[in-house]
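Take a look at the structure below. Then let's go through it with some questions and answers.

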Amino acid sequence: MERFDVIVVGAGTAGCMAAKTTAKSGLSVCLIDYKDAKSIGDKVCGDAIGRHHFDNLGLAYPRGDELERTIAGIEVYSPDMETVFRLTGEGLYGFIVNRYAFGQRLLKEAMDAGAILFDSTQVLEPIVEGGFVRGVVARDRRTGERRRIPGIVTIDASGCSAIIRKKLPPEMGIETTVDKKDEVICYREIRALENEIENPEYCKIYLDLNIAPGGYYWIFPKRGNRVNVGLGVAAVEGFPNPKDQLYKFVLNRHLFKDSTLIHGGGGIVPTRRPLDSLVGNGVVIIGDAACNVNPIHGGGIGPSMTAGKISGEVISEALENGEPSVERLWPINVRYMRSYGAKQAGLDVFRIFLQNLSNEDLNYGMKYRIIKEEDVLKTGLEGDVRLNITDATRRIFMGLGRISFLRKLYRMARKSRAVRRVYREYPQSPEEMPEWRMKVKAIWEK
Ligand SMILES: Cc1cc2nc3c(=O)[nH]c(=O)nc-3n(C[C@H](O)[C@H](O)[C@H](O)COP(=O)(O)OP(=O)(O)OC[C@H]3O[C@@H](n4cnc5c(N)ncnc54)[C@H](O)[C@@H]3O)c2cc1C
């Protein structure tokens, strides 16, 4: 069988972007997906993407069938519904897409650039020889035939299933497992309401740690009177079933009276900092497989495409210079970690803090604007947690007997900044990695 320069496992947002970038630079690229070509892009999702991702990646904005709605911002509701943060501004403009049409467009762009699609093909494991990943073993789902598909570089973009990452030998230096408690389990439905929702240009996020422990529930307006409504919970021991929670606490509300179900389904989002390293000899991990997701809101389409583009560019350069050793692929780590990775890591500290609060903490925190609306945007975009604690708020919290909450907040913000600094100083080469890993380990263990 022909040997490809690049094998991309998974034709999701990460994989299509990596395949397009590498194929465009003239490499031979094989894009493999478990699904048949017509089902690629059919993914359970919230369907929301910030416009800045399209600008940064040089992607055309969605239009026609692909565009469900243009979004002006996000409304975040406190658990008691008394406070609503309306977040708007440049970084919050975005789109609700038809996820299927969007996925099909990305696939077409990858194939137009020259990538060859092996659809209905299940990747089973990596081929590891001489300390390098040299391709994959796959099974044709139509014929049941198993075969080896050799490749110089293999990219794992297989989403949460992370089929390559999970089977890498330890000497590759890549984390093979992700802790369950760093995942959020979601269930979402597309529903047609009786009437169009109020303020449909805003995505709505509802915080309630009793209804959605460790996560949140959302209503994102789609075309006309359709909405994407879902709920996610942290996968900690004894977590409730998100579908039950959605039916019990959200879909029984007046807004959904006489609404009709168009589609329902579940999914997993890894909501933590990225893997410490995305690369090994002959292998790169991107997208959900590498935890390239915003830990606070779980948005992973933008970062997965960013990781796909960075890896495609670095691989194209690396292959001009010889074997794709970990050293040659290392710039993928440096570029990702010093930009989006640093933000993700800072926000991961915030996520862990938020998951351990009570509804009361959230109600008071939002009511007294401990983080101002305009700073929430900065936190979301840059990962910089800015607090707004004045003498007046201090007195109020003292009166409420919750001064320790403010102290914890200060500590969290300090730690979040420290973590971002460490990721911005991500090592230039794998030799410096053990020292960096020790620093990171010390931070997360605390
Ligand atoms: C309920 C829910 C709501 C979300 N809402 C949003 C949102 O509103 N905005 C946002 O930005 N993000 C959202 N996300 C996250 C976002 O969907 C993901 O982060 C993003 O799609 C990651 O893309 P990916 O390419 O890494 O993986 P995926 O899109 O999951 O693609 C992986 C591909 O690999 C294929 N595959 C898997 N295993 C194999 C195998 N063994 N062999 C061959 N192929 C294989 C799959 O068929 C699939 O096509 C949401 C996620 C969920 C679950």
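Q: Which residue in β13 does tyrosine 77 stand opposite?
A: First, a word on the model: it is predicted, so local features need pLDDT of at least 70 and side-chain atom pairs count only at pLDDT 80 or more, while totals for chains, interfaces and linings use all residues. Residues are numbered from 1 along each chain as its sequence is written. Strand β5 (residues 73–77) and β13 pair in the parallel sense over five bridges; strands here are DSSP runs of E with at least two residues, helices are runs of H or I with at least four, and both are numbered from the N terminus, while two strands count as paired if DSSP finds at least two bridges between them. In that pairing, the residue facing tyrosine 77 is tyrosine 206.

Q: How many of the five residues of strand β13 are buried?
A: A residue is buried if 20 or more other C-beta atoms lie within 10 Å of its own, exposed if 12 or fewer, and partly exposed in between, with C-beta atoms placed from the backbone. Strand β13 (residues 202–206) is largely enclosed by the rest of the structure, because the number of its residues that are buried is four.

Q: What is the bridge partner of isoleucine 205 in β14?
A: β13 and β14 run antiparallel, joined by three bridges. Within β14, isoleucine 205 has as its bridge partner tryptophan 218.

Q: Which glycine in β15 does tryptophan 218 stand opposite?
A: Strand β14 (residues 216–221) pairs with β15 in the antiparallel sense, over six bridges. The two form a hairpin with four residues between them, and glycine 224 in the turn has a positive phi of about 60°. Across from tryptophan 218 in β15 is glycine 230.

Q: Are the faces of β15 covered or uncovered?
A: Nine of the nine residues of strand β15 (residues 226–234) are buried. One side has Arg226, Asn228, Gly230, Gly232 and Ala234, the other has Val227, Val229, Leu231 and Val233, and all of these are buried. So, because burial is found on either side, both faces are covered.

Q: Which residue in β15 does isoleucine 185 stand opposite?
A: Strand β12 (residues 183–192) also pairs with β15, in the antiparallel sense and over nine bridges. Isoleucine 185 stands opposite valine 233.

Q: What is the order of the open sheet of three strands?
A: The pairing in this sheet is antiparallel. Its edge strands are β3 (48–50) and β4 (67–71), each pairing on one side only. β4 and strand β7 (residues 94–97) pair over four bridges, with isoleucine 71 opposite glycine 94. The order is β3-β7-β4.

Q: Where do the buried residues of α10 pack?
A: In α10, Leu409, Ala413, Ser416, Val419, Arg420 and Tyr423 are buried. Seen down the helix axis, they fall within an arc of 130° (taken from the directions from the axis to the C-beta atoms), so they line one face of α10. The face turned away from that side carries the exposed residues Ser404, Arg407, Tyr410, Arg414 and Arg421. The buried ones pack, with contact meaning C-beta atoms, placed from the backbone, within 7 Å, against α6 (326–355) and α11 (433–445).

Q: Is histidine 297 buried or exposed?
A: Histidine 297 lies in the loop between β18 (283–285) and α5 (301–320). With 21 other C-beta atoms within 10 Å, histidine 297 is buried.

Key
Contact = placed C-beta atoms within 7 Å.
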